[in-house]
Amino acid sequence: MSELKSRKLISVQEHLRDQVANALRAALIAGELQPGVIYSAPTLAAEYGVSATPVREAMLDLAREGLVEAVRNKGFRVTELSERDLDEYTEIRALIEIPTIGRVTRTASREQLEAVRPVAEEIVAAAQRGDLIGYLESDRRFHLDLLALAGNARLVETVADLRKRSRLYGLTDLSQEGSLVGSAQEHTALLDIMIEGDAEAAEEHMRSHLAHVRTLWAARKEQAGRAVPPRKLGAR
């Protein structure tokens, strides 16, 4: 009986850690947690009304994703991405994803491609309602689901890791301006081209989409430089 209680306790703790991790991701996306700033687990825990343990565990999860880094005896620093970092991540993604999209266009069946359409439509819906977490999650699923049709699990894992490390922060202003809707609609357009079987056009559209995403990164950084800094949760 005691063993079952222990398992239940572990399950509750893991669930709380996941909730905190999702809340921290949302704060990163909204720009409430700022790159370069150090946040302590106890102070963040007080903000969220939980103990420090699930916050530390959640931060370690984010550290494994490359979103934050541990600072000894202080807490966690939100990872800063330079323009060069973003250019390099975009270049690697282009080298992998553009030819793979062309290959999938030539080899995948119409049924396989249509199965991804609900995810593409959810990206647009999330952008329209300003759901940043839903937007990024649907965007991740769409691209990885398409790449998975190439049959190379390691390729999908590599792109998933690149996407985590180059995740957009501080998207609230871009969402309110409607800038994300245009990018979201590019997903359904890409799918339509792929279903038509035009591999060359699909590759070109993917190249244009990645360039558009890179432009959003630049716009976000410019806005961050002009805007009043948002509330910093638990900043030290």
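## Helices H4 and H7

Angles under 35 degrees count as roughly parallel, over 145 as roughly antiparallel, 65 to 115 as roughly perpendicular and the rest as oblique. Keep that in mind for helix H4 (residues 83-107) and H7 in this predicted model, whose axes cross at roughly 60° and come within 9 Å. H4 and H7 are therefore oblique to each other, and H4 passes H7 in a left-handed crossing.

Who does the touching here? On the H4 side, the contact is made by Glu97, Thr100, Ile101 and Val104. H7 brings His143, Leu146 and Leu147 to meet them. Sorted by class, that contact of H4 with H7 comes to 4 nonpolar, 2 polar and 1 charged.

## Helices H6 and H7

H7 (residues 132-148) also meets helix H6 (residues 117-129): the two axes come within 8 Å and cross at roughly 160°. That angle makes H6 roughly antiparallel to H7. Once again you're looking at a left-handed crossing, with H6 passing H7.

On H6, the residues in the contact are Val119, Ala120, Glu122, Ile123, Ala126 and Ala127. Facing them from H7 are Gly134, Tyr135, Ser138, Asp139, Arg141, Phe142 and Asp145. The tally for H6 with H7 is 7 nonpolar, 2 polar and 4 charged residues.

## The sheet

Now for the strands. There are 3 of them in an open sheet, in the order S1-S3-S2, and the pairing is antiparallel. S1 and S2 sit at the edges with a single partner strand each, so one side of each has no neighbour in the sheet. As a general point, strands of a sheet pair through backbone hydrogen bonds, either parallel or antiparallel.

Start with S1 (residues 38-39), which is joined to S3 (residues 75-78) by 2 bridges. Isoleucine 38 stands opposite arginine 77 in S3, while tyrosine 39 has phenylalanine 76 of S3 across from it. Moving to the other edge, S2 (residues 68-71) runs antiparallel to S3, and 4 bridges join the pair. Here valine 68 has valine 78 in S3 as its bridge partner, and glutamate 69 stands opposite arginine 77 in S3. So if you click on arginine 77, you'll find isoleucine 38 opposite and glutamate 69 opposite as well.

S2 and S3 also make a hairpin, with 3 residues between them. In that turn, asparagine 73 has a positive phi of about 65°.

## How far to trust it

How confident is the predictor? The protein chain averages a pLDDT of 83, and 80% of the residues score at least 70. Among the elements of the chain, helix H5 (residues 110-114) has the highest mean pLDDT, at 98. Helix H9 (residues 172-177) has the lowest, at 63.

Two stretches deserve a wary eye. Over residues 1-11, pLDDT stays under 50, and the model has 0 contacts for them beyond four places in sequence. Over residues 223-236, pLDDT also stays under 50, but here the model has 33 contacts beyond four places in sequence. Where pLDDT is low, the predicted coordinates should not be read in detail.

Note on methods: Residues are numbered from 1 along each chain as its sequence is written. This is a predicted model: local features need pLDDT of at least 70, side-chain atom pairs count only at pLDDT 80 or more; totals for chains, interfaces and linings use all residues. Side-chain values use heavy atoms; hydrogens and water are left out. Two strands pair if DSSP finds at least two bridges between them. pLDDT is the predictor's confidence in each residue, from 0 to 100. Contact means heavy atoms within 4.5 Å. Axes are lines fitted to C-alpha atoms, for helices over the stretch in contact, and angles run from 0 to 180 degrees between N-to-C directions. A crossing is left-handed if the near helix is turned anticlockwise from the far one by less than a right angle, and right-handed if clockwise. Ala, Val, Leu, Ile, Met, Phe, Trp, Tyr, Cys and Pro count as nonpolar, Asp, Glu, Lys and Arg as charged, and the others, Gly among them, as polar.
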